[in-house]
Every structure is written in C-alpha cells, then in structure tokens.
Amino acid sequence: MEIGNIVEFLRDKTIFVTGSTGFLGKIFVEKVLRVQPNVKKLFLLVRADDAEVAKRRVLTDVIAKELFDALREKHGIGFDAFVSEKVNPVAGDIVCENLGIEDYDLMKELYKEIDIVVNVAATTNFYERYDVALNINVLGAKHVMEFAKNCTEIKMLLHVSTAYVVGEREGIISEKPFQFGETLVEGEYLDIEEELKLIVHRKEELKMKKSTKDAEKSSMKELGIKRARMFGWPNTYVFTKAMGEMLLGHLRGELPLVIMRPTIITSIYKDLLPGWMEGIRTIDNLILGYAKGKISCFLGDPDVNLDLIPGDIVVNAMIVAIAVNSNKKAQIIYHVTSSFTNMVNCSKLAQCTYDYMLKNPRMTNEGKAIKMSKFRIMKSMSSFHILMILRYRLPLLGLFFINFAMCGLCSNLLKKMWKEYNLVMQFSEIYRPYTFFKGIFEDVNLEGLRMTMVKCDDTTLLDFDPKNIDWDDYLISIHIPSILTKYLCK
Ligand SMILES: NC(=O)c1ccc[n+]([C@@H]2O[C@H](COP(=O)([O-])OP(=O)(O)OC[C@H]3O[C@@H](n4cnc5c(N)ncnc54)[C@H](OP(=O)(O)O)[C@@H]3O)[C@@H](O)[C@H]2O)c1
C-alpha cells in the first residue's frame, strides 16, 4: 500500500474518537484533519453534561491548542468553517451504557454514519481508585465495543492500550492477545464480573462504616493495587488495561479489532511541532526535578531499556493500522515501542539531561550558572532503601523523640514528613517495575505494517519506524528543552 492510498482510505470516512481532549487523542485528531482534509466527519466524544459544554470543551481543549496552528494557517479565514464542518463534539462518558449519549437522533445518525471507532480514552493513573479504573478502562472499553458493533457501516475498532499490560516480564515479549480470564499468576482465573461485585461490596462496607470520602478513596486505591498484585500485575492501571483488552477480544465477534500497545509516549519527534506535549509524564518528572535541583539520583538499572516512543510515531502507526486492517475480520496487536529496534536506556536519559543542563544551566538571581552534578543512578532497591533509612528515616525517628520531649510541639511537621516519606516509598514501589523492566517488546506485527507501505517519496508523512530516531538529538534538542521551557518556571 502506498502512503497516498493510506491517506486516501480516510477520504469520506466518518471516525468516532474518544479521548480527544487528552495528549495522544489531540495528536491523532490534528493529524487526520491535516493529512486528509476530505475525511467526512470526526465525532469526538467528550465528557460533558450537554452538547453546548461538549462543543466548548472541544474548541478550548482541542482545537485552540498550538498543535492546530498549522491547520489554522493552512485554512486561513476558512478554518472555523472547516472545523465546524468536520469536527462534531458529542457529549458523553464511556463509563455509561450507550456511552452516555442521550440524544436519540444523534445516536441513530452515529450508528448509520460511523466507519471507524478509535478508543483512546483511559485513566492512566497507576494508582487510580479501583472503581474508577475499572469503570473507565474495562467497562468503558466494553461500552465502546458495544457501540461499534451497533454501527452498520463499521470497518474496525482501534483501541489504544499499553505495552505494559504484559506485567513484569523479562526477555522478548511477543504481540500476543490475552485469553479471556487470563492472569499472570499460574492457576488464577480472572472473573471480571466478580471484580465488579467486589467493588460494590467494598463500597457498601465503607458506607456502613460511615467512612469519610478520603477513607473511601484510599481504600479503593489500595483495593486496586491489591487485586492487581494478586493476579500478577504491578499496578491498577495496567491491570485494568489488560482486562479492557480481554473484554474487547471476547466481545468483538467478527468486528476487526486493532489493539495498539505503546510504551512510554513522549513529545512529538518529527511532525510539525517537534517537542509538543501536554502535561508532565513519567520520565518528565525526573528531568524537571533534576533541572530544578530537587532530584539528584534516579532509581533504576542504568542499562535498562526505557522504551520511549514519541507521540507522532504512535499516531502515524494508528493511521496506517486503520487503513491496512479495516474490514479484515481479525484481531491484531501492535507493539508501538522502540526496545526491539532502537533501544534507549536509563543512562542515556541521565547523560542527555546532564549534557543539556551543562550547556543551558539554571542561573542564580545574581546571574551565575548553578553547577549541576551528574545524575546518580541507584542500581538496586536495597541501596535505595539504605539511603532512605540513613538520610530520612533515622532523622525522622530523631524528630519523633524530640517531639515527644517537647510535648508534641512539632506534631504537624512530623506528620507531614512521615506522609511525604511514605509517599516516596510507595511511588518507588509503583515505578520499580518500569525502572527495572527487563523485557524487550518484539514488534513483528508493526514491522509487517511497515512492510505493507511501499517505498514512496514522502514516507516521512506517516513514518512510524523507531529505527529512524536519533535519541541523543531527540532528547537534547527536542524533548528536554521542550519540557524545561514549558514547565521549569512554573
Ligand atoms: N501517555 C503515555 O505515555 C501512554 C503510554 C502507553 C499507552 N497510553 C494509552 O494511550 C491512551 C491516551 O493516553 P494519554 O496520555 O493521551 O492520556 P490523557 O492525556 O490522560 O487523556 C485521557 C483522555 O481520556 C479521556 N477520558 C477519561 N475518562 C473518560 C470517560 N469516562 N469518558 C470519556 N473520555 C474519558 C480524557 O478526557 P477528559 O479530558 O475529560 O479527562 C482524556 O481525553 C490511553 O489509552 C493510555 O492508556 C498512554
């Protein structure tokens, strides 16, 4: 298939997208409108109480973003008309039956019009409340599938998942779908209905105990982590994403289903706005913390593969996967990752961040460059625990006795510091599976997708080959400066 044919495939197609107000969803919407202005319509489902609010959200949270500046420029005074012709906000919520769409006539129109459904919506919080994560990532996926199956012209459902649904693995990991009820612990069976009942039961218990909102929240968060670990997943996010995949595979019937599994999505690499991203995510917290002088060490194996993948590469792969897999009655998984062909490890990130800060140091108020020391990498959890005990836990114990001697004068401070200490310990445990992750994601299916694209002059338009990423250049000249310019002063 030529690039032209892929873009051409989108002509006159009607695409229903969830999660367009999020980071990846926006890149997808913009790219489709740019590469194929003759797409028939994009229906964007957004969380909103009514059509008016949905429209406002799409205009302010999606279209108004600088990501759409190139389109704005291209269409000039015709931009607003182009947007109102092509982009149709829909008020709803994937957690609800019928995706929360209350307008019956609109629903009938959608069932008749939609060619492709793209489900990007999710909660990406590792330590989300179990009820919330299950509702969005599992029931949400189910509702999207039910919706797609009701569309008479449907050609495929593309669902964005995550590569880490595989849990903590070592070695080569293939692009394999889950069996319904599969777990990562031998002998365990996962009954999603039972998980739903468990949540209802726990909530009733909490209600009977007259628990506060905060107590309910932490109980639900703990329940998520507990159930995830019981079945072999490291956190609630990947556990519920895995369940979402299982349900989709189970319910799809003959509907073509594509599941994209990206790893850690970073800012745009090559597309129109290199470095564009939204929000501070995973590794960006480290970069920012280091640049601010608040983080000096990193907990992780220096050789461990970080598996970054820029957002534009993920979106390009999504678009090609849509064109290639539409109307094929199969289910296919794509790892959209870099570990197999062009690995980037922890020490590379640490070195690039240091190099960038050397060339672009933070200044004191007097205009002097602040000297940065190299990122210290802590190679094991045990050395991290020793550091935490010596540097924080022992002084905290000292403070405990001082507080006791002073009749509780520093109680508030002590409480706050213990809370912070526990939070750091908890987060180190939650992120540990990724900073010590030993798996390599095979991308045979994705390579196959690349192979379907016949070489042509403009492969860059939809390039999704991670082999072409120059990590040093990307990190030092694009990703790190983009984060620091945007967030360092905030
Ligand atoms: N970011 C990464 O590094 C990464 C890596 C691998 C996979 N992924 C996957 O990629 C997808 C997109 O991630 P992202 O980083 O773009 O996430 P994001 O920025 O947090 O966006 C999430 C989107 O989902 C929407 N959403 C959440 N709950 C919803 C509901 N109940 N009904 C309708 N919409 C709902 C949000 O809408 P609101 O604006 O209303 O909140 C938002 O538009 C997710 O499926 C995620 O699992 C992300």
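These legends go with a handful of close-up views of a predicted model. Residues count from 1 along each chain as its sequence is written. Local features need pLDDT of at least 70 and side-chain atom pairs pLDDT 80 or more, totals for chains, interfaces and linings use all residues, and side-chain values rest on heavy atoms, with hydrogens and water left out.

**View 1. The ligand and its shell.** The ligand has 25 residues around it, and the closest are Thr 21, Arg 57, Asp 93, Tyr 237 and Arg 281; a residue joins this shell if one of its heavy atoms lies within 4 Å of the ligand. Sorted by class, that's 13 nonpolar, 7 polar and 5 charged residues. Here Ala, Val, Leu, Ile, Met, Phe, Trp, Tyr, Cys and Pro count as nonpolar, Asp, Glu, Lys and Arg as charged, and the others, Gly among them, as polar. At least two shell residues apiece come from helix 2 (23-35), helix 10 (236-251) and strand 8 (264-266). Helices (H or I, at least four residues) and strands (E, at least two) are DSSP runs, numbered from the N terminus.

**View 2. Polar contacts to the ligand.** The pairs shown are N or O atoms within 3.5 Å of each other. Ile 94 puts a backbone N or O atom 3.1 Å from a ligand nitrogen, while a polar backbone atom of Val 120 sits 2.9 Å from a ligand oxygen. Arg 281 uses its side chain instead, with a polar atom 2.7 Å from an oxygen of the ligand. On its own the ligand would expose 900 Å², and the protein buries 87% of that (Shrake-Rupley areas, 1.4 Å probe).

**View 3. Helix 2, one of the shell's suppliers.** Its 13 residues run 19 Å from first C-alpha to last, close to the expected 18 Å (1.5 Å times one less than the number of residues). Helix 2 is largely enclosed by the rest of the structure, because 13 of its 13 residues are buried (under 20% relative accessible area, 1.4 Å probe, protein chains only).

**View 4. Helix 12 and what comes just after.** Helix 12 (residues 311-325) has 15 residues and spans 21 Å, close to the 21 Å expected. With 15 of 15 residues buried, helix 12 is largely enclosed by the rest of the structure too. Just past helix 12, Asn 327 takes a positive phi of about 70°.

**View 5. The annotated domain.** An unreviewed UniProt entry lists residues 17-318 as "domain: Thioester reductase (TE)"; such annotations may be inferred rather than shown by experiment. The chain there is 47% helix and 14% strand, with its end C-alpha atoms 12 Å apart.

Notes
Buried means under 20% relative accessible area, exposed over 50%, partly exposed in between (1.4 Å probe, protein chains only). A polar contact is a pair of N or O atoms within 3.5 Å; within protein, one must be able to donate a hydrogen and the other to accept it, and residues adjacent in sequence count only if both atoms are side-chain atoms.
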